[in-house]
Amino acid sequence: MKENTEISLHDVLSLEKTPEQRVDALFDLMQEHGQSYYDEAVTQLEHALQAAQLARNSQATMEQITAALLHDIGHFLMNEHDAQNDFLSEDWEHETVGSRQLEPFFGRAVTEPIFLHVPAKRYLCTVEPDYFNGLSLASQRSFALQGGLMSDKEVERFENNPFHHTAVLLRRWDDGAKVKGLNVPGLEDYRVEILSCLEH
């Protein structure tokens with residue numbers, strides 16, 4: 001895990017700030033560090049916004065929409081993208097980094113699906129054999145690094161997690177959020193959701 005390249009959300013979302021200031025700081029971080037490409041047709045920020053829009057279109061809860069918007073925050077924090085020499089040559093565990101750094105500020109309904117969205121890809125590849133063929137090139141390339149197909153015990157453990165349904169939804173929003181040139185609302189459009197989910 002690339003701990004040495006991380007930005008600390010503890011500093012960005014300092015509890016000394018008001019909730020509005022914390023949302024401002026989070027959006028500034030995403031705007032500044034979301035312009036790189038993660039081996040896709042869209043930037044990190046475009047991908048996050050498209051995922052959130054797909055969640056909203058699905059009549060998702062505020063927690064699910066927030067999870068969709070922030071599901072790849074680990075990539076933002078580690079500046080992980082295709083300009084890195086070891087990009088996709090090792091698993092930087094962005095889902096673990098992101099969920100862990102969000103835990104002091106958001107409840108499990110937000111952080112747990114984020115933590116599970118990579119296992120959800122492994123799960124879907126295991127229980128839906130054709131699912132892998134529909135993944136983007138980057139997701140296919142990272143699949144083996146992230147553990148490949150699940151064992152029967154791993155499938156059972158995943159299905160026993162109370163947030164596994166949301167994780168599967170998040171995974172599908174993630175997969176669909178890679179459309180070049182798609183016009184979707186910006187970060188400010190999600191202020192209400194983020195504020196509602198922030199733990200004060």
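Two aromatic pairs turn up in this predicted model, counting ring centres that lie within 6.5 Å. One of them joins Phe132 and Phe143, whose ring centres are 5.5 Å apart, with 55 degrees between the planes. Below, that pair comes first, followed by helix α2, the contact of α6 with α7, and Gly176 in α10.

**The Phe132–Phe143 pair**
- The geometry of Phe132 and Phe143 is tilted, because an angle of 55 degrees is neither under 30 degrees, as for stacked rings, nor over 60, as for edge-to-face ones.
- Phe132 sits in the loop between α7 (108–127) and α8 (137–143), while Phe143 belongs to helix α8.
- The two residues are 11 apart along the chain, and their pair links distant parts of it.
- Their surroundings are worth a look too: Phe132 is partly exposed at 27% relative accessible area, whereas Phe143 has 10% and therefore counts as buried, the cut-off being under 20%.

**Helix α2 and its neighbours**
- Helix α2 covers residues 19–33, which is 15 residues.
- How far apart are the end C-alpha atoms of α2? They are 21 Å apart, in agreement with the 21 Å expected at 1.5 Å a residue.
- The buried residues of α2 are Arg22, Val23, Ala25, Leu26, Phe27, Leu29 and Met30.
- An α-helix has 3.6 residues a turn, so residues three or four places apart point the same way.
- Which helices do the buried residues of α2 pack against? Their partners are α1 (9–12), α3 (44–57), α4 (62–70), α5 (73–78) and α11 (191–197).

**Helices α6 and α7**
- The axes of α6 (residues 94–102) and α7 come within 8 Å of each other and cross at roughly 175 degrees.
- Helix α6 is therefore roughly antiparallel to α7, since angles over 145 degrees fall in that class.
- On the α6 side, the contact is made by His94, Glu95, Thr96, Ser99 and Leu102.
- On the α7 side, Thr111, Ile114, Phe115, His117 and Val118 take part.
- By residue type, this contact of α6 with α7 divides into 4 nonpolar, 5 polar and 1 charged.

**Gly176 in helix α10**
- Gly176 lies in helix α10, which spans residues 164–176.
- Is Gly176 buried or partly exposed? With a relative accessible area of 33%, Gly176 is partly exposed.
- Leaving aside residues up to four places away in sequence, Gly176 touches Gln50 and Leu54.
- Ser136 is 40 residues from Gly176 along the chain, and their C-alpha atoms are separated by 9.4 Å.

Key
Residues numbered from 1 in each chain as written. Predicted model: local features only at pLDDT ≥ 70, side-chain atom pairs only at ≥ 80, totals over all residues. Heavy atoms only, no water. Phe/Tyr/Trp six-rings, centres within 6.5 Å; stacked < 30°, edge-to-face > 60°. Helix = DSSP H or I, 4+ residues; strand = E, 2+ residues; numbered from the N terminus. Buried < 20%, exposed > 50% of the residue type's maximum accessible area, 1.4 Å probe, protein only. Expected span 1.5 Å × (residues − 1). Contact = heavy atoms within 4.5 Å. Axes fitted to C-alpha atoms, helices over the stretch in contact; angles between N-to-C directions. Parallel < 35°, antiparallel > 145°, perpendicular 65-115°, else oblique. Nonpolar A, V, L, I, M, F, W, Y, C, P; charged D, E, K, R; others polar.
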